[in-house]
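Student: Please take me for a close look at a single part of this one, and then tie it to its surroundings. I'd like the geometry spelled out, cut-offs included.

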Amino acid sequence: MPIDNLVLLMLALGCGLCLTARADASDALRDLAARHHLLIGPAVGKHLWTTDPVYAAVLAREFNILTAENDMKWAAIHPERDRFNWNASDPYVAFAEAHGMRVRGHTLCWHAPFNPAWLEESGFARDALIGVLSNHIATVVGRYRGRVAMWDVVNEAVADEAPHGLRPTIWSRTIGPEYLDLAFRAAHAADPGATLVYNDYGGEAEGGKADAIHALVAGMLERGVPVHAVGFQMHILDIDAESLARNLARFAQLGVAIHITELDVRLPLPADAAALARQADVYRKVLNVCLREPACRVVQTWGFTDAYSWIPKFFPGHGAALPFDAEYQPKPAWAAMLEALATAEVVPRGGVHD
Ligand code: G3I
């Protein structure tokens, strides 16, 4: 092992032993991710950094990309047909620019029950709905042209159930399957420099949904649709690393970048030391698969502290899913991520966009 990796390994192991002393160490995740030209960061809420200085400090210290967990979704940013609410979204871009971070915009096209009533209960005819979607994307992406590096253009369009066709949504029902092409083309017209992402869950390892997402993206690329990356949400209990690696490699062969977009590893509560160690192994597996895949450019978690996570509300009896505990202390999962970043061979990162 080259000496610099040995030093980094000792650093990673050392900080694994000094999990409590994180005041101003320079071994933050973002510092080691930079070696790999990798973006690493969480989904966040501005209401948290404006009320909790430790939240803001850890966010700025550890990460080089952030996503608005909810404030760039339609209900927050476009609450009425003729009104956009930039107070919801602007602070994320401002925080990121103040701390040398990128922004992932999330998300330009999703489904009920996460859309505002004025949209879902609209009864819009096809042409009117095309106009509403096109206007939303042009307005939102246009506002942040050159300032939001990447957009989850369409989120979760593929059905969970076999044969994994298009999920029945206001978009697929009213516009038809071409709504995806329309959304990506509108986003590209609004910001040609932005990385445009198809984002979904359940297609991380090999399987029927992964096959369907692969076919969907391949079809868009064949039609010349500007899809630059595929987002794998990675809300998991565990993962088959070899299957994940094979699956990501075949997406990379399409010429798209790979983004891990919403990683969390939920545990039954209370989580004991053995469970936290197993969780760390899962984080380590995901990081190592990404680091070995040249097309993998982004690793994001869905939150970063157990103090604020969607898991307990949506999976009662589960939690402790993130790399920092509720007191902002790094967990074994954080040390595992740091060790992976410190020890993995640096491979040239391809990919069309950051
Ligand atoms: O802000 C309102 C509050 O004013 C109101 O009193 C309260 C009543 O329940 O609702 C609050 O809004 C909630 C919002 O989170 C902010 O907390 C919504 O009801 C709730 O549905 C929303 O849940 C979010 C969910 O997406 C749906 O948008 C979760 O926080 C968020 O973690 C989750 O994230 C999704 C990704 O966007 C896509 N991938 C899956 C991931 C997990 O479901």
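Tutor: Start with His164, which sits in the loop between E4 and H9. Helices and strands here are DSSP runs numbered from the N terminus, with at least four residues (H or I) for a helix and at least two (E) for a strand. Bear in mind that this is a predicted model, where local features need pLDDT of at least 70, side-chain atom pairs count only at pLDDT 80 or more, and totals for chains, interfaces and linings use all residues. Residues are numbered from 1 along each chain as its sequence is written, and side-chain values use heavy atoms, leaving out hydrogens and water.

His164 has phi near 60 degrees, a positive value in a residue other than glycine. At 16% relative accessibility it counts as buried (under 20% is buried, over 50% exposed and in between partly exposed, with a 1.4 Å probe and protein chains only). Pro163 belongs to that loop too, which runs between strand E4 (150–155) and helix H9 (170–174), and the peptide bond leading into Pro163 from Ala162 is cis, with omega near 10 degrees.

Now a counterpart for each of those oddities. His37 also has a positive phi for a non-glycine residue, near 50 degrees, but His37 is exposed at 53% relative accessibility; you'll find it in the loop between helix H2 (29–35) and strand E1 (39–44). As for cis bonds, the one from His106 to Thr107 has omega near -5 degrees, and Thr107 lies in the loop between E3 and H7.

That E3–H7 loop links back to H9 through Asn115. Asn115 sits between strand E3 (102–106) and helix H7 (117–120), and it is buried, with a relative accessible area of 9%. Setting aside neighbours within four places in sequence, it contacts Trp74, Trp110, Glu120, Ile170 and Trp171, where contact means heavy atoms within 4.5 Å. Two of these partners have polar links as well: the side chain of Asn115 makes a 2.8 Å polar contact with that of Glu120, and a polar atom of the Asn115 side chain lies 3.0 Å from the backbone oxygen of Trp110. (A polar contact is a pair of N or O atoms within 3.5 Å; within protein, one must be able to donate a hydrogen and the other to accept it, and residues adjacent in sequence count only if both atoms are side-chain atoms.) His78, 37 residues away along the chain, has its C-alpha 9.4 Å from that of Asn115.

His106, at one end of that cis bond, brings in Thr67, since it is among the Thr67 contacts, along with Pro42, Ala43, Val44, Arg104, Gln300 and Trp302, sequence neighbours within four places left aside. Thr67 is in strand E2 (residues 65–68) and is buried, at 0% relative accessible area. Its side chain also meets that of Gln300 in a polar contact of 2.8 Å.

Zooming out, such distant pairings fit the overall tally: of contacts between residues at least 6 apart in sequence, 78% join residues at least 24 apart. The protein has 15 helices and eleven strands. Its radius of gyration is 20 Å, close to the 20 Å that the globule rule gives for 354 residues, so it is as compact as a globular protein of that length (taken over C-alpha atoms; the rule is 2.2 Å times the number of residues to the power 0.38). Of those 354 residues, 58% count as buried.
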